[in-house]
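Here are a few short exercises to work through with the structure open beside you. Try each task before you read its solution.

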Amino acid sequence: MRKRKRCPPIPKSLDLPGGPVPVEVVSRKKMQEWADKGEELFGYFHEAERRISILGTMSTSAQWRTLWHEWAHALFQDTGLSNGMNLATEESLCDAISSGLMRVWHG
Ligand SMILES: [Zn+2]
């Protein structure tokens, strides 16, 4: 049987091709400041500032899943891939990458 690994704490930053991206864990109230009307955000990649915000009220495992998703958005921006993708495709790819990384790193 596959043993589930413990998730380490959310790091203060993650390295990407374009340099380190700071990561902050925020409250639900703070996160909703960046949401569109009627949208519930679990994570957010601030493109211009190159910063990731993660909702702190989720389990550490859910925070990691969200962090890898936002990391993928940052990766696509750094590598220019997001220029040629529509939003739905990008979201699907970010989810796929997040699922893959969760399996490898977090069991
Ligand atoms: Zn996304």
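**Exercises around one strand**

In this predicted model, Gly43 stands opposite Ile54 in S4. Let's build outwards from that pair.

**Exercise 1.** Find which strands pair with S4, and in which sense.

*Solution.* Start on the side of Gly43. Strand S3 (residues 43-46) pairs with S4 in the antiparallel sense, over 4 bridges. These two strands form a hairpin with 4 residues between them. In the turn, Arg50 has a positive phi of about 50 degrees. Now turn to strand S2 (residues 21-26), which pairs with S4 in the parallel sense, again over 4 bridges. Here Val23 has Ile52 as its bridge partner, and Val25 stands opposite Ile54.

**Exercise 2.** Work out the strand order of the sheet, and explain why S1 and S3 each have one side without a neighbour.

*Solution.* The sheet is open, has 4 strands and runs in the order S1-S2-S4-S3, with mixed pairing. Strand S1 (13-14) and S3 stand at the edges, each with a single partner strand, so one side of each lacks a neighbour in the sheet.

**Exercise 3.** Is Lys29 buried or exposed? Then look at how covered S4 is.

*Solution.* First place Lys29: this residue lies in helix H1 (residues 28-32). Next, count its surroundings: 7 other C-beta atoms lie within 10 Å. The cut-off for exposed is 12 or fewer, so Lys29 is exposed. Strand S4 (residues 51-55), by contrast, is mostly covered, with 4 of its 5 residues buried. Finally, link the two elements: Lys29 and Leu55 are 26 residues apart in sequence and 9.5 Å apart in space, C-alpha to C-alpha.

Terms used
Residues are numbered from 1 along each chain as its sequence is written. This is a predicted model: local features need pLDDT of at least 70, side-chain atom pairs count only at pLDDT 80 or more; totals for chains, interfaces and linings use all residues. A residue is buried if 20 or more other C-beta atoms lie within 10 Å of its own, exposed if 12 or fewer, and partly exposed in between; C-beta atoms are placed from the backbone. Two strands pair if DSSP finds at least two bridges between them.
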